[in-house]
Amino acid sequence: MEYKNGKKPNNGDWAVEANGLVKVFGDNKAVDGVNLNVKAGSIYGVLGPNGAGKTTTIRMLATLLRPDAGSARIFGHDVQKESQIVRQLIGVTGQYASVDESLSATENLIIFSRLLGLGRAEARKKAADLLEEFGLTEAAKRPLKNFSGGMRRRLDLAASLIAQPPLIFLDEPTTGLDPRTRAQMWDTIRRLVSTGSTVLLTTQYLDEADQLADRIAVIDRGHVVAEGTVDELKQSVGTSSLQLRVLDPSDIEMARQTVEHVLGVQATLSSEAAKITAPMANADLVTDLLIALREKGITLSEVSVQKPTLDEVFLTITGHGVEEKAKETGTETKRAEAVNV
Ligand SMILES: Nc1ncnc2c1ncn2[C@@H]1O[C@H](COP(=O)(O)OP(=O)(O)O)[C@@H](O)[C@H]1O
Ligand SMILES: [Mg+2]
């Protein structure tokens, strides 16, 4: 593999090997023994709700935060003992503002390019090309302080493309972006990998991990609770999620048994009135289920089949939903905290 900045990792197989990483803030174990192994040349997704410990994990891997226990290697280099080497092998973008607010997008990219040793003309061309690719040409002259969150995120990623380090950490690269910009980000991320980089990204969205990642770790309260390929994870969750509500609450137990029998999965009774949720590998089975329920004389007040949400992934894997405290905390607030620490 050739890298644009000329740096070569010395461990061809593993971009990341993290072993028992722990980070404690006061009495909060933010990261509680995380193991991660990321193959070089792949896209690895760390999936989890707000507060799960994703950013803290990335900060330790990126040498920005010292682990309280455990160890991690980046392309074979220890993040603590060889932090200088590690820093040359990685790029971190996403929840980190890395650019000067008062300068324009073009100026920022030119500065980055010059710092990386590009000549004046080359830097100018690089900046223009990247701005074009990220749909920022019209905003090129505006100072960054007038940029929206989505524009900033795109510029941040563009800046990381100048050097294109062997390993790129993307911390929630598409949170809060509109669908078009999101799709554009996905393309760029795929391109990074097809041109030789390894990407470790965090996300709160199952579909994003699904679209991009070769392997996924699901992280909850500082623990990796599931790990595998997208297909393996899906098998445990189902490709869609069935939600039923029975008209007569006294039917709920029989309805649950019927769901479990016909779908061959475990159904969850919601604390919400008379509601059943079940993972479904095959959406077509819903026809059989509805017939079976009708034959038992169970009347439904509501049926829906949806893609599994992160809540359901969690419910299936951990036996509990995404915590209320995580739900109440807005992503923007969390991001601001993450930047300030
Ligand atoms: N610098 C810090 N000081 C104290 N607590 C922190 C700090 N950074 C993160 N936390 C806490 O650690 C937990 C994990 O946070 P974080 O890694 O940001 O999660 P995520 O990125 O998955 O949303 C949360 O409970 C968060 O409030
Ligand atoms: Mg985070």
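This dialogue walks through the salt bridges of the structure above.

Visitor: What kind of model is this, and how are residues numbered?

Guide: This is a predicted model, in which local features need pLDDT of at least 70 and side-chain atom pairs count only at pLDDT 80 or more, while totals for chains, interfaces and linings use all residues. Residues are numbered from 1 along each chain as its sequence is written, and side-chain values use heavy atoms, with hydrogens and water left out.

Visitor: What is a salt bridge, and how many does the count come to?

Guide: A salt bridge is a side-chain nitrogen of Lys or Arg within 4 Å of a carboxyl oxygen of Asp or Glu, and by this rule the count comes to 12. One of them pairs Glu172 with Lys54, whose closest N and O atoms are 3.6 Å apart. Because Glu172 lies in the loop between strand 7 (167-171) and helix 6 (179-194) and Lys54 in helix 1 (residues 54-61), this pair ties together parts that are 118 residues apart in sequence. Helices (H or I, at least four residues) and strands (E, at least two) are DSSP runs, numbered from the N terminus.

Visitor: Are Glu172 and Lys54 buried or exposed?

Guide: Buried means under 20% relative accessible area, exposed over 50%, and partly exposed in between (1.4 Å probe, protein chains only); both Glu172 and Lys54 are buried.

Visitor: Which residues do salt bridges with shared partners join into one network?

Guide: Arg182 forms a salt bridge with Asp207, at 3.2 Å between the closest N and O atoms, and the side chains of Arg182 and Glu208 meet in another (3.8 Å, N to O). Such bridges, sharing partners, join Arg182, Asp207 and Glu208 into one network.

Notes: Chains lettered and ligands numbered in written order.
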